[in-house]
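Could you walk me through this model in the viewer, one selection at a time? I would like to know what to pick next and what there is to see at each stop.

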Amino acid sequence: MKQGVALGVMQSGKNIFLTGQAGSGKTYILNKYVDYLRAREIEPTITASTGIAATHIGGVTIHSWAATGIKSELSDYDIEILQEKQYLWKRFESAKVLILDEISMISPEHLDSIDRILRAFRFNAKPFGGLQVIFSGDFFQLPPVKKRGEHVDPEKRYAWHADVWQKLDLTICYLEEQHRQSGKSR
């Protein structure tokens, strides 16, 4: 898929998994979509799985934004504690579009926890509380980070193993062209 087509699919309001090899323009398209949203006075929530990735796209870590901290899984009690924080109510109620870069580094448990938080705060049973979700990344580049000694079930290792992944009805936008070497993006 060409970059312009992927941008058009994002602009349609669908939930997206934007993927492609390094240099295919994923970050370029994310930035174009952010510009598109801001021109329409919609402030997107821009996050990434790591601090370095977040700085590259002008965002914050998903752990910070979703208030999960270092926990991968949250209990009902954990979510009740979060619901006592007024600033989180404002944050989650005002959100319209969630961009999550480097999705490949997010565990399925963490993705499901973020979904549960958003559904609880937004009083909306739809995945991610009804937000448009844009995941970006390449599962061939960076695997999820696990704590030392933590058992990894090969059947439940990646974000696509999360219960919410299938419910999102993601449109896959696979960028096929390489732009990094040529210095051009379309």
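**Stop one: a pair of crossing helices**

Start by selecting helix 6 and helix 7, which are roughly perpendicular to each other. Keep in mind along the way that this is a predicted model. Helix 6 covers residues 86-94 and helix 7 covers residues 108-122; their axes come within 9 Å and cross at roughly 95°.

Now show side chains where the two helices touch. From helix 6, pick L88, W89, F92 and E93; their counterparts in helix 7 are I117, L118, A120, F121 and R122. Colour this contact by class and you will find 7 nonpolar and 2 charged residues, with no polar ones.

**Stop two: around helix 6**

Stay with helix 6 and pick out L88, W89 and F92, its buried residues. Look down the helix axis: these buried residues fall within an arc of 105°, so they line one face of the helix. Turn to the other side of helix 6, and you meet Q86 and K90, which are exposed. To see what covers the buried residues, add helix 4 (62-65), helix 5 (76-82) and helix 7, which are among the covering elements.

**Stop three: the sheet**

Next, display the strands. They include an open sheet of 6 strands in the order 3-2-4-5-1-6, with parallel pairing. At its edges are strand 3 (60-61) and strand 6 (171-175), each pairing on one side only.

Select helix 2 (residues 26-39) as well: this helix packs on the sheet and touches strand 1 (16-20), strand 2, strand 4, strand 5 (132-136) and strand 6. The direction of helix 2 makes about 165° with that of strand 4.

Zoom in on strand 2 (residues 45-48) beside strand 4 (residues 97-101), a parallel pair joined over 4 bridges. For one of the details here, click T45 and then L98, its bridge partner in strand 4.

**Stop four: A54**

Finally, centre the view on A54, in helix 3 (residues 51-56). Is A54 buried or exposed? Its relative accessibility is 2%, so A54 counts as buried. Which residues is A54 in contact with, leaving aside its neighbours within four places in sequence? Select A48, G59, V60 and T61 to see them.

As a last click, draw a distance from the C-alpha atom of A54 to that of E102: the two residues are 48 apart along the chain, and these atoms are separated by 9.0 Å.

Terms used: Residues numbered from 1 in each chain as written. Predicted model: local features only at pLDDT ≥ 70, side-chain atom pairs only at ≥ 80, totals over all residues. Heavy atoms only, no water. Pairing = 2+ DSSP bridges. Contact = heavy atoms within 4.5 Å. Axes fitted to C-alpha atoms, helices over the stretch in contact; angles between N-to-C directions. Buried < 20%, exposed > 50% of the residue type's maximum accessible area, 1.4 Å probe, protein only. Parallel < 35°, antiparallel > 145°, perpendicular 65-115°, else oblique. Nonpolar A, V, L, I, M, F, W, Y, C, P; charged D, E, K, R; others polar. Arc of directions from axis to C-beta.
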